[in-house]
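Me: Hi! I would like to learn how to read a structure step by step. Could you walk me through this one?

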Amino acid sequence: MEEDLEEISGIGPATAKKLEEAGYKDPKSIATASVGDISAAADISEAKAKKIIEKAKEAADLGFESADLLMEKRKEVGRLTTGSQNFDKLLNGGLETQSITECFGAFGSGKSQIAMQLAVNVQLPVEQGGLDGNALIIDSEHTFRPERVVQMAKRYEGLDPQKVLKNITIARAYSSDDQMLMAEKAQELIGEKNIKLVIVDSLTSLFRAEYAGRGTLASRQQKLNRHLSTLHRLADLNNIVVYVTNQVMSKPDMFFGDPTQPIGGHILGHSATFRIYLRKSKAEKRIARLIDSPNLPEGEAVFKITSEGVVD
Ligand code: GTP
Ligand code: MG
């Protein structure tokens, strides 16, 4: 970080060290600080502080991108099959890389079944709807079942169930802090283990449990937003799929408006790129409704959860 700061011309090593100790760890933090703060923190004249801030503004990477570069990046977007053609069609070919896809729905609606199926499917070659990579599951509800994964892998001739299990890394989170830290540390693992899919199942349950009954939801929301922005960054920087689940209670007596009521209020808002509402129909039948997407029409797809996994 000190080297980062030193790259802003006008900051020598001693000044960089003082600034860093005062909490100014990157150009952005200096660019948005006041002249008085910087001069006090680094023990330098106001004139010099002013110059440093100007340089920092030039050096700060604020994420401006031209649309044609973005278009180039969009060309790299890969798609991961759900296992059901109907479901894939709803998503224009499957879950997109560089995005977060959220499934929300009542208990038993299939959120975790889809998670396990995706962890298998990501290992398929690209021609078969996979991403030729491995999966990382941040499991906060401890509902991951290796036996179920083996069952789901058996339908694909090219996959060896034992290898499929080896290629799935499980991280068990016991608190929302665990969960956040695991996402932050995932970056290293992603390169090391060729991870193309990061799952957080469930995204919200630990946050809900820990903040239940507390007066203010603002700090929970803030933490969750930070967590989501970590996940967005993982998806974006590594061109991978991020899949998250969110339990909501269904209100079958409501015929108008939003038929769902998230437990503990709307804490996700619109931070996932694709939001899918899942509901249980008769027996194995499930209905997925695409609620929110930047580039796809809303619509519904019918699929099933059987002993084989997610199918048409
Ligand atoms: P919560 O985590 O409780 O919010 O629910 P969820 O949405 O994650 O539900 P999950 O994905 O765990 O779905 C569980 C349901 O999948 C069960 O109630 C069954 O209906 C179905 N299911 C699970 N395993 C099998 C199986 O081996 N065969 C069949 N036919 N269905 C299964
Ligand atoms: Mg579940």
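Me: Thanks! Let me start with the ligand: how far is an oxygen atom of ligand 1 from a polar backbone atom of glycine 108?

Reply: Happy to help, and please keep in mind that this is a predicted model. To read a polar contact, look for a pair of N or O atoms within 3.5 Å. Here, a polar backbone atom of glycine 108 and an oxygen atom of ligand 1 are 2.9 Å apart.

Me: Which side chains have polar atoms close enough to ligand 1 for the same kind of reading?

Reply: Lysine 111 is one of them: a polar atom of its side chain lies 2.8 Å from an oxygen atom of ligand 1. Glutamate 141 is another, with an N or O atom of its side chain 3.4 Å from an oxygen atom of the ligand. As for cover, ligand 1 taken alone exposes 660 Å², and the protein buries 69% of that.

Me: How many residues are around ligand 1, and which come nearest?

Reply: There are 17 residues around ligand 1. Those that come nearest are Gly108, Lys111, Ser112, Gln113 and Gln247.

Me: Which helices and strands supply at least two residues of that shell?

Reply: Look for helix H8 (111–121), helix H9 (146–153) and strand E11 (299–306), each of which supplies at least two residues. H8 gives the largest share of the shell, with three residues. You can also sort the shell around ligand 1 by class: nine residues are polar, five are charged and three are nonpolar.

Me: Now for the empty spaces. How do I find them?

Reply: The general idea is that a probe the size of a water molecule, rolled over the atoms, shows where empty space is left. In this structure, that search gives three cavities of 30 Å³ or more.

Me: What volume does the largest cavity have, and which residues line it?

Reply: Its volume is about 60 Å³. The lining of the largest cavity is made of Ser112, Ala115, Met116, Ile137, Asp139, Thr143, Phe144 and Asp201. H8 turns up again here: the largest share of this lining, three residues, comes from H8. Strand E4 (134–139), like H8, supplies at least two residues. By class, the lining of the largest cavity has four nonpolar, two polar and two charged residues.

Me: And which residues line the second largest cavity?

Reply: Leu91, Gly94, Leu95, Glu96, Thr101, Phe274 and Leu296 line the second largest cavity, which has a volume of about 40 Å³. Four of these lining residues are nonpolar, two are polar and one is charged.

Me: I also see the word pocket. What volume does the largest pocket have?

Reply: A pocket is an open space, whereas a cavity is one the probe cannot get out of. The largest pocket here has a volume of about 280 Å³. It is lined by 13 residues, and Leu70, Lys73, Arg74, Gln98 and Asp236 are the closest to its centre. Helix H6 (67–74) and helix H13 (218–238) each supply at least two residues of the lining, and H6 has the largest share, with three. Five residues of this pocket lining are charged, four are polar and four are nonpolar.

Me: What about the backbone: which two residues does a cis peptide bond join?

Reply: To spot one, check the omega angle. The cis bond joins aspartate 201, which also lines the largest cavity, and serine 202, with omega of about 0 degrees. Serine 202 sits in the loop between strand E6 (195–201) and helix H12 (205–211).

Me: Which residue has a positive phi although it is not a glycine?

Reply: That is aspartate 43, with a phi of about 60 degrees. You will find aspartate 43 in the loop between helix H4 (35–42) and helix H5 (46–59).

Me: Last one: how is the chain divided into domains?

Reply: Domain 1 covers 2–59 and domain 2 covers 73–311. The C-alpha centres of these two domains lie 41 Å apart.

Terms used: Residues are numbered from 1 along each chain as its sequence is written. Chains are lettered from A and ligands numbered from 1 in the order in which they are written. This is a predicted model: local features need pLDDT of at least 70, side-chain atom pairs count only at pLDDT 80 or more; totals for chains, interfaces and linings use all residues. Side-chain values use heavy atoms; hydrogens and water are left out. A residue is near a molecule or strand if one of its heavy atoms lies within 4 Å of it. A polar contact is a pair of N or O atoms within 3.5 Å; within protein, one must be able to donate a hydrogen and the other to accept it, and residues adjacent in sequence count only if both atoms are side-chain atoms. Accessible areas come from the Shrake-Rupley method with a 1.4 Å probe; for residues, only the protein chains shown count as cover. Helices (H or I, at least four residues) and strands (E, at least two) are DSSP runs, numbered from the N terminus. Ala, Val, Leu, Ile, Met, Phe, Trp, Tyr, Cys and Pro count as nonpolar, Asp, Glu, Lys and Arg as charged, and the others, Gly among them, as polar. Domain bounds come from an automatic or database domain assignment. On a 1 Å grid over the protein atoms alone, a cavity is a set of points where a 1.4 Å probe fits but cannot get out, and a pocket is an open set with protein on both sides within 12 Å along at least five of seven lines; lining residues have an atom within 4 Å of a point. Grid points are joined across faces, edges and corners, and a volume is the space filled by probe spheres set on the points.
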